[in-house]
Amino acid sequence: MDNGNMNTKNEDRNQWCFACGPQNPFGLKLSFSEENDTYISHFTGLPQHQGYDGIMHGGIVSTLLDEIMARYLYAKGLKAVTARLEIRYLKPTPLGVPLLIKGRISGQKGKIFETAGSIEMPDGTITAQGTAKVFIVDPT
């Protein structure tokens, strides 16, 4: 583990990740920071992320939450995969609005970390919340 620094070796191998890979021309190209034990990203949905008119597709909402929760562990140098993901859609997530995506670690039992995440509009309205159980995979 590298104590919170990005794992450069793993980053190099994942340039095509749909959510965060800079080389994926169809990806979301998310970038991240950490503040006060919270992992943060920003995203503004475009027309190609639409479900219904003006509303972000629920699968993209789910992807944003999955990425912020599981990748937080990955950023800490752990090889992590989502084992269980639960999403609560509280309000439609609009397109064209800058969103704050937040994730945090809420617990750990052995190799399973419990995480929580949210998507927030500029006025503080939370459009979706998620929880995940993220499994730490032994390095190969």
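## A hairpin to start with

Strand β5 (residues 112-120) and strand β6 (residues 126-136) run antiparallel, and 9 bridges join them. Keep in mind that this is a predicted model. The two strands make a hairpin with 5 residues between them. In that turn sits glycine 124, whose phi is positive at about 95 degrees.

Want to trace the pairing residue by residue? Glutamate 120 stands opposite isoleucine 126 of β6. Threonine 115 has alanine 132 in β6 as its bridge partner.

## The sheet around it

Now zoom out a bit. The hairpin strands belong to an open sheet of 6 strands, in the order β1-β2-β4-β5-β6-β3, with antiparallel pairing. At the edges you'll find β1 (33-35) and β3 (80-89), each of which pairs on one side only. From one strand to the next, the twist averages 25 degrees.

What does the edge strand β3 pair with? Its partner is β6, in the antiparallel sense, over 9 bridges. Here, glutamate 86 stands opposite threonine 131 in β6.

## A helix across the strands

Next up is helix α2, which covers residues 58-75. This helix lies across β1, β2 (38-44), β3, β4 (98-109), β5 and β6. Relative to β3, helix α2 runs at about 140 degrees.

## Three rings in a cluster

Time for some side chains. How many aromatic pairs are there? The count comes to 2. Take phenylalanine 32 and tyrosine 39: their ring centres are 5.0 Å apart and their planes are at 5 degrees, so this pair counts as stacked. The cut-off for stacking is planes under 30 degrees apart.

Tyrosine 39 also pairs with tyrosine 72, and that pair is stacked too, at 4.8 Å centre to centre with 10 degrees between the planes. The tyrosine pair links distant parts of the chain: tyrosine 39 is in strand β2 and tyrosine 72 is in helix α2, 33 residues apart. Put the ring pairs together and Phe32, Tyr39 and Tyr72 are linked into a cluster.

## Buried or exposed?

So where do these rings stand on accessibility? A residue is called buried when its relative accessible area is under 20%. Phenylalanine 32 comes in at 17%, so it is buried. Tyrosine 39 counts as buried because its relative accessibility is 3%. Tyrosine 72, with a relative accessible area of 2%, is buried as well.

Notes:
Residues are numbered from 1 along each chain as its sequence is written. This is a predicted model: local features need pLDDT of at least 70, side-chain atom pairs count only at pLDDT 80 or more; totals for chains, interfaces and linings use all residues. Side-chain values use heavy atoms; hydrogens and water are left out. Two strands pair if DSSP finds at least two bridges between them. Helices (H or I, at least four residues) and strands (E, at least two) are DSSP runs, numbered from the N terminus. Axes are lines fitted to C-alpha atoms, for helices over the stretch in contact, and angles run from 0 to 180 degrees between N-to-C directions. Contact means heavy atoms within 4.5 Å. Rings of Phe, Tyr and Trp (its six-membered ring) pair if their centres lie within 6.5 Å; planes under 30 degrees apart count as stacked, over 60 as edge-to-face and the rest as tilted. Buried means under 20% relative accessible area, exposed over 50%, partly exposed in between (1.4 Å probe, protein chains only).
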